[in-house]
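Biologist: Please take one part of this model and go through it closely for me. Which positions does UniProt give for the feature "active site", and what lies around them?

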Amino acid sequence: VGQYLARIETYQHLNAFVEVYAEEARQRALEVDARLARHEAGRLAGLVLGIKDVLCLSGHGVQAGSKILNGYRSPFTATAVQRLLDEDAIIIGRQNCDEFAMGSSNESSYFGPVRNTADPERVPGGSSGGSAVAVQAGMCHASLGSDTGGSVRQPAAFCGVVGLKPSYGRISRWGLLAYASSFDCIGPITKSVEDAALLLEVMAGPDEFDSTVSGREVPRYSQKLAWEGQARIGYLRESVESEAVAPAIRQRTQAVLDELREQGHSVEPVDMTLLKYCLPTYYILTTAEASSNLSRFDGVRYGYRSEQVVDLESLYKQSRTEGFGAEVRRRILLGTFVLSANYYDAYYTRAQRVRKLIRQETERLLSQYDFLISSVTPTTSFRLGEKMEDSLQMYLADIFTVQANVAGVPAISIPNGLDEDGLPIGLQIMSRAFSEENLLAFSAHLS
Ligand code: GLN
């Protein structure tokens, strides 16, 4: 704990943490030490963890990188976090992120941007940017992020660490501040696939507080990391051949595919015919869900309340106008629009239908192949401010990651070398729903 606290101090300028629980972490480390001495410690004894500022920890602040939750303290702990605590993990602080997990660069936080350790003039990716940078710079052993459309995998790729988005319904969302409930997944960000497996097995499984969690048995992922035999691998042709993807990324992905071929795996190109509909479908449905989820922040029940208030309506209006940042307001407006009576069928209903088609196509591909491999992102980390004025450019950062969330299947980003500027590149592997056991074993084999 002492070492991690020192590194947090050294790397303060990266702005990865919103709040550090120094004294509490030290105290807890002593308690865990005592349990270790008595041979009573849990499986994660001494594992120092940071949590994204969207996960509730009883008695602590949580505000999704937003002014609107200023001063709010959670009265309970997220199930996933509680399960890690029950195994004696130590929480060292809460980590900076894009406001309400909306973003791909971690520049939309009320607490200011997070910077990439590899080059502090560049972004760490988002929205779990603080969580990825904290692991990258060794400010904690592992982090918990959340992934609605790529927010664990994309920053993991930009920072050269491992990011896992499990199947939808593998980990309880209880205590995760909601962005888009039918997409949101909690996921670990780690230095190794082994750590990701261990954290997943502790967090996963049914929870009386979240009815969308699967009752399927949770394998001991960390004990099953040996990969044997041949895999049928499909690779997303676009991510290796398209001019829109940076040459260094294409080369690195291609190099992995060549190596897999040499090892005797079958490797074939796949054309995802619905790829171009993934982002539009994602943005229609997630903004719709966000507009509904964020309606609870009204200036009355939680956090921030405007001073400029004359009546009830102005209380709502002013508190929300002052409390939410530009990107969140944009998405609430968009979501309200696609759900409005006159446009509901044209946008929301249609997007639901397309979601089903994307899910079916993904499932069909994953019945032909054990894994779908692609680049995680079309570019490596970009400069701070570079895409802030152009939302569509920013949204394109998730072109390869949103499919897994639209379809609900698991996907992982593992480090795959550096580009010519020394910036990290990631490799994405996707597999059938609830086949994390295979996904993790194969990823361990590759990394
Ligand atoms: N960048 C995507 C968005 O802005 C993904 C965010 C996420 O996964 N939380 O919606």
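Modeller: First, a term: two residues are in contact if their C-beta atoms, placed from the backbone, lie within 7 Å. Also keep in mind that this is a predicted model.

The unreviewed UniProt entry places "active site" at Lys 52, Ser 127 and Ser 151. These residues span 100 positions in sequence, yet no two of their C-alpha atoms are more than 10.9 Å apart, so they gather at one spot.

Take Lys 52 to begin with. Its place is in strand S2, which covers residues 48-52. Lys 52 counts as buried because it has 33 C-beta neighbours inside 10 Å. Beyond four places in sequence, Lys 52 is in contact with Gln 95 and Cys 97. Its other contacts are Ser 128, Gly 130 and Ser 131, then Ser 143, Leu 144, Gly 145 and Ser 146.

Now Ser 127. It is found in the loop between strand S3 (90-95) and helix H4 (129-136). A cis peptide bond joins Gly 126 to Ser 127, with omega about 5°. Most peptide bonds are trans. That bond deserves a look in the viewer.

Next comes Ser 151. Its loop runs between strand S4 (142-147) and helix H5 (153-159). Ser 151 is buried, because 36 other C-beta atoms lie within 10 Å. Ser 151 touches both partners of the cis bond, Gly 126 and Ser 127. Further contacts of Ser 151 are Ala 101, Ser 128, Gly 145 and Ser 146, again not counting residues up to four places away. Ser 128, Gly 145 and Ser 146 are also in contact with Lys 52. These three residues therefore link Lys 52 and Ser 151 by contact.

What about the ligand? Its shell has 14 residues. Ser 151 is among the closest, along with Ala 101, Ser 104, Thr 148 and Gly 149. Ala 101 is in contact with Ser 151 too. By type, the shell divides into nine polar, three nonpolar and two charged residues.

Look next at the nonpolar core. The largest one has 133 residues. Leu 49, Leu 55, Ile 90 and Ile 92 have the most contacts inside it. Helix H6 (193-203) gives the most to this core, with eight residues. Nonpolar side chains tend to be buried together in soluble globular proteins.

Leu 49 ties this back to the site. Beyond four places in sequence, its contacts include Ile 90, Ile 91 and Ile 92. Leu 84 and Ala 89 are on the list as well. So is a run of neighbours: Cys 140, His 141, Ala 142, Ser 143 and Leu 144. Ser 143 and Leu 144 are in contact with Lys 52 as well.

Two loops connected to these strands hold backbone points to check. Ala 64 lies between strand S2 and helix H3 (79-86). Its phi is positive, about 50°, although Ala 64 is not a glycine. Ala 64 counts as buried because it has 28 C-beta neighbours inside 10 Å. Asp 88 lies in the loop between H3 and S3. Asp 88 is not a glycine either, and its phi is about 75°. With 20 C-beta neighbours inside 10 Å, Asp 88 also counts as buried. Most residues other than glycine have a negative phi.

Definitions and conventions. Residues are numbered from 1 along each chain as its sequence is written. This is a predicted model: local features need pLDDT of at least 70, side-chain atom pairs count only at pLDDT 80 or more; totals for chains, interfaces and linings use all residues. A residue is near a molecule or strand if its C-beta atom, placed from the backbone, lies within 6 Å of it. Ala, Val, Leu, Ile, Met, Phe, Trp, Tyr, Cys and Pro count as nonpolar, Asp, Glu, Lys and Arg as charged, and the others, Gly among them, as polar. A nonpolar core is a set of buried Ala, Val, Leu, Ile, Met, Phe, Trp, Tyr and Cys residues joined through C-beta atoms within 7 Å. A residue is buried if 20 or more other C-beta atoms lie within 10 Å of its own, exposed if 12 or fewer, and partly exposed in between; C-beta atoms are placed from the backbone. Helices (H or I, at least four residues) and strands (E, at least two) are DSSP runs, numbered from the N terminus. UniProt positions are given in the numbering used here, feature names are shortened, and annotations may be inferred rather than shown by experiment.
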